[in-house]
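Reader: I have a structure to look at and plenty of terms I'm unsure about. Can we go through some of them together?

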Amino acid sequence: MFEGVFCPVITITDDSGVIDYELWGRHLDHLAEAGIDGVLLFGSLGEFYSISLADKKAALEFAVGRIAGRIKVFAGVGDTTYANVLDFTSFAEQSGADAVLAVSPYYFGPSDAAAREYFGGIARTTSLPVILYNFPARTGNDISPELAADLAAKYPNICGVKDTVDTISHTRKVIAAARAVNPEFTVLSGFDEYYLANRVAGGNGVLCGLINVEPELFVKMHRAYEAGDFARAIACAERISKLMAIYDTCDLFISAIKVAVRERGLPISTRVFDPAVKPSAEQMERVRALLA
């Protein structure tokens, strides 16, 4: 079971779109040194949909080597081509990743039967833990509690889910259904402000984007909750709730997180892969004000 606070790390590039390994490595170091529990490469914030398979493989090898076992490394294997999904799944195991995270196939909104084939193929390709990624607002289909439980029952290495659904009742039902099959099934919330609600419902924490910006805050909240210091945990959650407004400052939420990381002192490019609208000076100032 994976538990705690996990970061879907941004993919840092230069202004031309080439991965900036020097600054990206510094960012990974900061996250590890802050004490978070793991990072996800090539989630939504990592712009998985715009990066070639070859670049993903090179970046994953770099990240596994840079992190060197300090925290967990999850590889996001989402792609529009299923052969690439399976290829990167196999590569993730070879490169030393700790788990793969698989977003639902999107655009066509597959039936449960198609989703079972899709996720089952990933599970059969690797002995690594497979974490389902449920993001119906982006994929057009939902991993229901029943589907999560069915997959967990059939494939023992499908052992967790990132539930990015803006209602804790959905996550609570996933926890109940999947834990009936596998008591160690991991359920992480994809919304930053759901850490406390997730834990109260019996979940394991969060896999969320603001950890890129203030990892120490999330670690402090997690450790306070684990220690029973609920007043401190709530104080951290209150700041996270305020920081959630950062997501709405730019045309694309990925841009907003990159701006916030730069405002925190790492001199990264705020470029995101096209098509995208660059953040304006006014939007950057809004992020700066929220952080203050």
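Author: Sure. Keep in mind that this is a predicted model. Let's start with empty space: the count comes to one cavity of 30 Å³ or more.

Reader: How do you know that there is empty space inside at all?

Author: Rolling a probe the size of a water molecule over the atoms shows where empty space is left. A spot is called a cavity if a 1.4 Å probe fits there but cannot get out. The largest cavity has a volume of about 40 Å³.

Reader: Which residues line the largest cavity?

Author: Phe42, Gly43, Phe48, Gly76, Val77, Gly78, Leu101, Val103 and Tyr133 do. By class, that makes six nonpolar, three polar and no charged residues.

Reader: What makes three of the lining residues polar?

Author: Gly counts as polar under the scheme used here, and the lining includes Gly43, Gly76 and Gly78.

Reader: Okay, on to the cysteines. How many disulfides does the structure hold?

Author: Zero. A disulfide is a covalent bond between the sulfur atoms of two cysteines.

Reader: How do you know that cysteine 7 has no such bond?

Author: Check the distance. The cut-off for a disulfide is 2.5 Å between the sulfurs, and the closest cysteine sulfur to that of cysteine 7 is in cysteine 208, 7.7 Å away, so that's too far for a bond. For cysteine 236, the closest cysteine sulfur is again the one in cysteine 208, at 13 Å, which is also too far.

Reader: Why is cysteine 7 called buried?

Author: Buried means under 20% relative accessible area. Cysteine 7 has 0% relative accessibility, so it counts as buried. Cysteine 236 has 3%, so cysteine 236 counts as buried too.

Reader: Which residues of helix H12 are buried?

Author: In H12, residues 281–291, they are Met284, Val287, Leu290 and Leu291. These cover an arc of only 120 degrees around the axis, so they sit on the same side of H12.

Reader: What does that buried side pack against?

Author: The buried residues of H12 pack against helix H10 (230–243) and helix H11 (253–263). On the face turned away from the buried side, you'll find the exposed residues Ala281 and Glu282.

Reader: One last spot: where is valine 18?

Author: Look in the loop between strand E1 (4–8) and helix H1 (21–34). Leaving aside neighbours within four places in sequence, valine 18 is in contact with Ile12 and Thr13.

Reader: What makes those two count as contacts?

Author: Contact means heavy atoms within 4.5 Å, and Ile12 and Thr13 are in contact with valine 18 by that rule.

Methods:
Residues are numbered from 1 along each chain as its sequence is written. This is a predicted model: local features need pLDDT of at least 70, side-chain atom pairs count only at pLDDT 80 or more; totals for chains, interfaces and linings use all residues. Side-chain values use heavy atoms; hydrogens and water are left out. Buried means under 20% relative accessible area, exposed over 50%, partly exposed in between (1.4 Å probe, protein chains only). Helices (H or I, at least four residues) and strands (E, at least two) are DSSP runs, numbered from the N terminus. The arc is that of the directions from the helix axis to the C-beta atoms. On a 1 Å grid over the protein atoms alone, a cavity is a set of points where a 1.4 Å probe fits but cannot get out, and a pocket is an open set with protein on both sides within 12 Å along at least five of seven lines; lining residues have an atom within 4 Å of a point. Grid points are joined across faces, edges and corners, and a volume is the space filled by probe spheres set on the points.
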